[in-house]
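Work through the exercises below with the sequence and the structure at hand. Try each task before reading its solution.

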Amino acid sequence: MAQYSDSRLDASFAALSDATRRGVLEQLGRSDASITDLADKFHMTLTGMKKHVAVLEEAGLVSTEKVGRVRTCKLGARDLEDAAAWIKRHRDLWNARFNELDQVVEELKRNERAERPNRRK
Amino acid sequence: MKNPTTVERKSDRELVVTRTFDAPARIIFQAWSKPELFRRWWIPKSMGMTLVSYEADIRTGGSYRLEISHQGSKPMAFFGKYLEVTPHSRMVWTNEESTDSPVTTVTLEEKGGKTLLVLSELHPSKAALDAAGTGALDAMPETFGQLDELVAELLAGAARSTMRAPAMRP
């Protein structure tokens, strides 16, 4: 899970390390925009802008939706706190924790059996 | 085959975790209440965190304190008191590292040599549960906080003048 968060953090920082992408975020903070709009505004090719948007999307900073032939970009829900992600985060932690507890428990069981051979089941 | 862990929001304020262990309750309680054993599982290795210190006086009225560090960062402390400890069956403790932290209750129910563990976190409000982190994982809000600030600056359109390049390269 930490790995997940670390890679996400890395992706976010990497996404923000580029001036154009920071500009795109500013722009989307003012209003949603299509990739074509953004390409025009930043004097870029459509392909170049698609790449930048893909990086921002990967980092969860932007989300896109294609309607007809137009892909609209808006600021993403970066905090990932929809219900499913929230539950998953908690389950991942407890699951990892209890799987390690299993190992301690198995060891204690073995020790107990070794100490009390007569009570072996 | 590992037993599954289930997590659900039982109400606006309550998170419930359940897990079955293939062992009697006394064994689970032992693994939980002996600090040298507890240290071995509370911080899963997969989280990339270290339990720097752990002290606990596991009895009703006793207290505990643990310090967790993430990749050499300054340790974060988690602490509180045991409101109730009934060996082999029930532990209730407070989490006092912040004012809106939950009360945690763990019950152990043994049946046919297996034990059903139910852990419940009762938060003071819905907002507190919504915001609840996963304990040690919160060792990272500092970093996320920095990023949030950065994003907020960007969105305010004030970014270019105040952007600090080094912040981009953690």
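**Exercise 1: the elements of chain A**

Chain A of this predicted model has five helices and three strands.

Task: In what order do the elements of chain A run from the N terminus on?

Solution. Going along chain A from the N terminus, the order is α-α-β-α-α-β-β-α.

**Exercise 2: burial and contacts in chain A**

Task: What percentage of the 121 residues in chain A do buried residues make up?

Solution. A residue counts as buried if 20 or more other C-beta atoms lie within 10 Å of its own. By this criterion, 26% of the 121 residues in chain A are buried. A further figure concerns contacts with a separation of 6 or more: in chain A, 46% of these are between residues 24 or more positions apart.

**Exercise 3: the sheet of chain A**

Task: In what order do the three strands of chain A lie in the sheet, and is the pairing parallel or antiparallel?

Solution. Step 1: the strands of chain A form an open sheet with the order β1-β3-β2, and their pairing is antiparallel. Step 2: β1 (33-34) and β2 (62-67) of chain A each pair on one side only, which makes them the edge strands. Step 3: β2(A) and β3 (residues 70-75) of chain A are antiparallel and are joined by six bridges. Step 4: within this pair, L75(A) of β3(A) is opposite V62(A).

Task: Which helices pack on this sheet, α2 and α4 of chain A being the ones to examine, and which strands does each touch?

Solution. Helix α2 (residues 19-30) of chain A packs on the sheet and touches β1, β2 and β3 of chain A. The direction of α2 makes about 90 degrees with that of β3(A). Helix α4 (residues 46-58) of chain A also packs on the sheet, where it touches β2 and β3 of chain A. The direction of α4 makes about 120 degrees with that of β2(A).

**Exercise 4: strand β2 of chain B**

Task: Which residues of β2 (residues 14-21) of chain B are on the covered face, and which on the uncovered one?

Solution. Step 1: in a regular strand, side chains alternate between the two faces of the sheet. Step 2: in β2(B), the covered face holds L15(B), V17(B), R19(B) and F21(B). Step 3: the uncovered face of β2(B) holds E14(B), V16(B), T18(B) and T20(B).

Task: How many bridges join β2(B) to β1(B), and how many to β8(B)?

Solution. Step 1: β1 (residues 5-11) of chain B runs antiparallel to β2(B), with six bridges between them. A hairpin of two residues connects these strands, and R9(B) has L15(B) as its bridge partner. Step 2: eight bridges join β2(B) to β8 (residues 114-122) of chain B, again antiparallel. Here R19(B) has L117(B) of β8(B) as its bridge partner.

Definitions and conventions
Residues are numbered from 1 along each chain as its sequence is written. Chains are lettered from A and ligands numbered from 1 in the order in which they are written. This is a predicted model: local features need pLDDT of at least 70, side-chain atom pairs count only at pLDDT 80 or more; totals for chains, interfaces and linings use all residues. Helices (H or I, at least four residues) and strands (E, at least two) are DSSP runs, numbered from the N terminus. A residue is buried if 20 or more other C-beta atoms lie within 10 Å of its own, exposed if 12 or fewer, and partly exposed in between; C-beta atoms are placed from the backbone. Two residues are in contact if their C-beta atoms, placed from the backbone, lie within 7 Å. Two strands pair if DSSP finds at least two bridges between them. Axes are lines fitted to C-alpha atoms, for helices over the stretch in contact, and angles run from 0 to 180 degrees between N-to-C directions.
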